[in-house]
Amino acid sequence: MSDVLLKVEGLRKNFGALKVTDNVDLAVEAGEIHALIGPNGAGKTTLIHQLSGNLKSDFGKIFFDGRDISPLSMQNRVHLGLARSFQITSILDGFSVLENVAMAVQARSGSSFRFFRNASREDDINAQASAALARVQLADRAHRRAGSLSHGEKRQLEIAIALATGARLLLLDEPLAGTGHEESAVLVDLMRSLRGSHTLVLIEHDMDAVFSLADHVSVLVYGRVIASGEPAAVRAHPDVRAAYLGEEEIA
Amino acid sequence: MSEAATPSLGPVSSSVIDAPHVRPPLLAQSAPWLIFGLFAAVPLLALATGDSFILVVATRMLIFALAALSLNLIMGYGALVSFGHAAYIGIGAYAVGILSSYGINDLLLQIAAALAASGLFALVTGYLSLRTSGVYFIMITLAFGQMAFFFMVSLSAFGGDDGISLSGRSTLFGADLLRSNLVLFYGVLGVLAAAFLLMRMLVASRFGRVLRGTRDNPTRMRAIGFSPFSFQLTAYVIAGMIAALAGVLLANQVQFVSPAYMTWARSGELIVMVVLGGMGTLLGPIIGATVFILLEDVLAHFSEHWKLGLGLILVLVVLGSRDGMSGLARRLRGGSDV
């Protein structure tokens, strides 16, 4: 079909004797929404940590756009176009919503060793930040204190921050966690609107959202990928039914 | 008057960015003028009362305000609690003492030497200290501060434990301007005002924004592509150099240089000044240092156990407001304590 943007080969991570990531292979195509599902403790978040560079892998390689990024730090992976969000909301509560996003624009807009000009008055940066906010429907919240946003808005803000880094690939760790029904509908629409322009790797427990969004689903159980493919095929896969979807579906 | 305090939660004009988000602009508007204006009027008070000691105390306030201001850059805006900051005051003071013992009395040369020595010391110790964080950072800066202290104690060529008495104050282009306490006072006030403006600019700049962001959430900053270390190290060096400038001024005021300036108790006092006035606020350290020196002077009149009273006041201020006295003032004036 199209090009593979992210390729993972034989990735491993052990915490002591526990194999948290056990020989994972993945291929994420450019422009697709790739969902990672699996029961609690399957190692999904650890895998995101490894992909984003927050956690070093024990073995294996990660290729981004054909380049081996395994040895790179999280900062350097961001510069290449791979950004992430966090399972537990991680924003700068004390800054304005706009500044949270402007900070990410600033990170890729020349040197930040500039000591004199007021950063919050850099129109070019603010314009790009505003554009990212508009894309996640938060334009009217720009001057609010980020900590005062509702939970769902904070999740939207996190996606705006990831977009503002200029990333081509977003690693989203349970973007719907803790959101209410309406909030989650906004976020699902938002993610759908990113299909094509961005590549999304998504961890999510909300199966309705996963199967309505994803082009490709990989199932992780005990650190292993037990199935990977189109949603319908994965849903029908006997191992997946047994290990994960099974109880619900049969019941 | 407190119009500016109302947080703009209502609809905002789409493109105009009005509030540089450092702190709510309540105090930031009028308070600096008030404080610097009051200080500028102190010589009149000295003249009116005929008590020239007032000028001496006020100069001391300004010098420690400068040192506290520098500590606040790393502690208040970077969450880097240095317990060895007094070492930089000592380095600045010794730059004056050592050079003048070789007959070099020119203020600008002494300042250049102080900045170079403190910058180098901060670069090396900061490079090592910033590999740690939290309590370990406090401990390692304490250790470096004490190393500097004991180094000067054992350096008998320059007085060792006894320090160096200076024969006079520094000269500026050969002129003995600073001999007058009044000139020294206004000189120090000018330096503090310049440092205040510099600090205000730094904190709002790109650099300052990264520093503040890292203080609040280093993981988030890495996740958008920043490497905090070099920003923190730069702030650490700037803070050290400004503290050394305070040391140059202190040596000039008291015309005496000793390792006692560098003890960890001195570093602790600087931390107290910053916390007392309000960490991470621009004016806080100036207010904190002023109040600290005032209490030191006033309470010491009543009892030699004056630090007990200071402790009590510190407890009350910290319990009363997280932002120290400047936060307290904001609350008393009815502003929001966000």
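Buried means under 20% relative accessible area, exposed over 50%, and partly exposed in between, with a 1.4 Å probe and protein chains only. The model is predicted: local features need pLDDT of at least 70, side-chain atom pairs count only at pLDDT 80 or more, and totals for chains, interfaces and linings use all residues. Residues are numbered from 1 along each chain as its sequence is written, chains are lettered from A and ligands numbered from 1 in the order in which they are written, and side-chain values use heavy atoms, with hydrogens and water left out.

**Exercise 1.** Classify Asp65(A) and Gln137(A) by accessibility, then describe their backbone and place.

Solution.
- Step 1: Asp65(A) has 46% relative accessibility and therefore counts as partly exposed.
- Step 2: Gln137(A), with a relative accessible area of 60%, is exposed.
- Step 3: Asp65(A) is not a glycine, yet its phi is positive, near 55 degrees. Gln137(A), also not a glycine, has a positive phi of about 65 degrees.
- Step 4: Asp65(A) sits in the loop between β4 and β5 of chain A. Gln137(A) sits in the loop between α4 (123-135) and α5 of chain A. Helices (H or I, at least four residues) and strands (E, at least two) are DSSP runs, numbered from the N terminus.

**Exercise 2.** Give the strand order of the open sheet of 4 strands in chain A and find its edges.

Solution.
- Step 1: The order is β2-β1-β4-β5 (chain A), with antiparallel pairing. Two strands pair if DSSP finds at least two bridges between them.
- Step 2: β2 (18-29) and β5 (67-68) of chain A each have a single partner strand, so one side of each has no neighbour in the sheet.
- Step 3: Between β1 (residues 4-15) of chain A and β2(A) there are 8 bridges. Lys7(A) has Ala27(A) as its bridge partner in β2(A).
- Step 4: Helix α1 (residues 44-52) of chain A lies across β1, β2 and β4 (59-64) of chain A, at about 120 degrees to β1(A). Axes are lines fitted to C-alpha atoms, for helices over the stretch in contact, and angles run from 0 to 180 degrees between N-to-C directions.

**Exercise 3.** Do the same for the open sheet of 6 strands, and say which helices pack on it.

Solution.
- Step 1: The order is β6-β7-β8-β3-β9-β10 (chain A), and the pairing is mixed.
- Step 2: The edges are β6 (82-84) and β10 (224-229) of chain A; each has a single partner strand, so one side of each is left without a neighbour in the sheet.
- Step 3: β7 (residues 169-173) and β8 (residues 199-203) of chain A run parallel, joined by 5 bridges. Leu169(A) stands opposite Thr199(A) in β8(A).
- Step 4: α1(A) touches β3 (33-37), β6, β7, β8 and β9 (216-221) of chain A. Helix α5 (residues 151-164) of chain A touches β6 and β7 of chain A, at about 155 degrees to β7(A). Contact means heavy atoms within 4.5 Å.

**Exercise 4.** Locate the largest nonpolar core.

Solution.
- Step 1: A nonpolar core is a set of buried Ala, Val, Leu, Ile, Met, Phe, Trp, Tyr and Cys residues joined through side-chain atoms within 4.5 Å.
- Step 2: The largest core has 139 residues; Leu133(A) and Met262(B) are among those with the most contacts inside it.
- Step 3: Helix α3 (residues 53-75) of chain B gives the most, with 16 residues.
- Step 4: Domain 1 (1-81 + 167-251) and domain 2 (90-166) of chain A both give residues to this core, so it lies between them. The domain bounds come from an automatic or database domain assignment.
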